[in-house]
Amino acid sequence: MLHFKILSIFPKYFASPFMDGLLKQAIGKGNLKIDITDIRDFAHDKHRTVDDTPYGGGAGMVMKPEPIVSAIRYARADDKEYKVIVFSPKGKRFDQHAAKRFSQSRKFVLVCGRYEGIDDRVPAFYADEELSIGDYVLSGGEAAALVFIESVSRLVPGFVGNEESIVSESYEKGLLEYPQYTKPRTFEGHEVPPVLLSGNHKEVEKWRMEQSVRLTADKRPDLLEKAKQDRDILRIIETIEKTN
Ligand code: ADE
């Protein structure tokens, strides 16, 4: 059982994302549990205040530490195994490698910040990790929490059902995935690459690997450089470069 406890000041944000597809199925089967808590329920005053002006001055508001820390304590009260993750553009980059690492754990408290950010004592002293899902600024951590849940949960055995589909997909070998096609063979004059119709598995595999390398070189040269550290991939890249 995989359990995510989400802390947010916009609990309604999560009304529909768990009502479709693999996540819905997993909840139905009892493999996944999602709890959503309104941080305001842990505010310490009658106005349910969750933010205040920043010390040192500056624009915008900062989320106060007390309601968030109270909500974290409540979420972990019965079980200290819950990993506390704060989402913020200042966090460590979350990628497929990190998703794999987190998929070894089963219990998470996901803290979604809003406004200009969260009082830094929260990630510094009350969280296990501070994560960013990419180099752009969202208006809150809610979308990041969804990205985290979807990418981590599908790596947990029993979720996708087809383990092979995980191994061949983008990033698993450090390369982008090769292009995929289905029927019809000709669509508005655009043909499917003939090698895929040949029935020759070896040729298909070779073509796919070559496409992966070419795509990665074109769109993500940074990934290709890293992938070259794998001797098998380096050999394939060198063969492709020789035949060009
Ligand atoms: N909150 C705002 N921007 C974010 C980002 N890029 N990643 C995670 N949380 C965020």
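Strands E5 (83–93) and E6 (107–112) run parallel and are paired through five bridges; pairing here takes at least two bridges found by DSSP. Helices (H or I, at least four residues) and strands (E, at least two) are DSSP runs, numbered from the N terminus. This is a predicted model, in which local features need pLDDT of at least 70 and side-chain atom pairs count only at pLDDT 80 or more, while totals for chains, interfaces and linings use all residues. Residues are numbered from 1 along each chain as its sequence is written, and side-chain values use heavy atoms, with hydrogens and water left out.

**Strands and crossovers**

- Within the E5–E6 pairing, Val86 has Val111 in E6 as its bridge partner.
- Together with helix H3 (96–102), strands E5 and E6 form a right-handed β-α-β unit. Right-handed means that, with the strands pointing away from the viewer, the path from the first strand over the helix to the second runs clockwise.
- E6 also lies parallel to E1, joined by five bridges, and His3 is partnered there with Lys107 of E6.
- Because five of its six residues are buried, E6 is largely enclosed by the rest of the structure. Buried means under 20% relative accessible area, exposed over 50%, and partly exposed in between (1.4 Å probe, protein chains only).
- Strand E1 (residues 2–8) has a parallel pairing with strand E2 (residues 32–38) too, through seven bridges; Ile6 is matched there with Ile36 of E2.
- Between E1 and E2 the chain passes through helix H1 (residues 21–29), giving a β-α-β crossover that is right-handed.

**Nonpolar cores**

- A nonpolar core is a set of buried Ala, Val, Leu, Ile, Met, Phe, Trp, Tyr and Cys residues joined through side-chain atoms within 4.5 Å. The largest one has 29 residues, and Phe4, Phe94, Phe102, Phe108, Leu110 and Phe148 have the most contacts inside it.
- Elements that each supply at least two residues of this core include E1, E2, E5 and E6, along with helices H1, H3 and H5 (142–153). H5 gives the most, with six residues.
- Another core, of 19 residues, lies apart from this one and has Phe42, Val84, Val86 and Ala127 among its members.

**Aromatic residues**

- Eleven aromatic pairs are found in the structure. Rings of Phe, Tyr and Trp (its six-membered ring) pair if their centres lie within 6.5 Å; planes under 30 degrees apart count as stacked, over 60 as edge-to-face and the rest as tilted.
- Phe4 and Phe148 meet edge-to-face, at 6.3 Å centre to centre and 90° between the planes. The pair connects strand E1 with helix H5 across 144 residues, and both Phe4 and Phe148 are buried.
- Tyr13 and Phe14 are also edge-to-face, because their ring centres are 5.3 Å apart and their planes stand at 65°. Tyr13 is partly exposed at 38% relative accessible area, whereas Phe14 is buried at 3%.
- One aromatic cluster is made up of Phe4, Phe87, Phe94, Phe102, Phe108 and Phe148.

**Ile72 and the domains**

- Ile72 sits in helix H2 (residues 65–75) and is buried, with 5% relative accessibility.
- Beyond residues up to four places away in sequence, Ile72 is in contact (heavy atoms within 4.5 Å) with Leu7, Val84, Val111, Val122 and Tyr126.
- From Ile72 to Arg214 there are 142 residues in sequence and 46 Å in space, C-alpha to C-alpha.
- Domain 1 covers 2–153 and domain 2 covers 170–243, with bounds from an automatic or database domain assignment. Their centres, taken over C-alpha atoms, are 37 Å apart.
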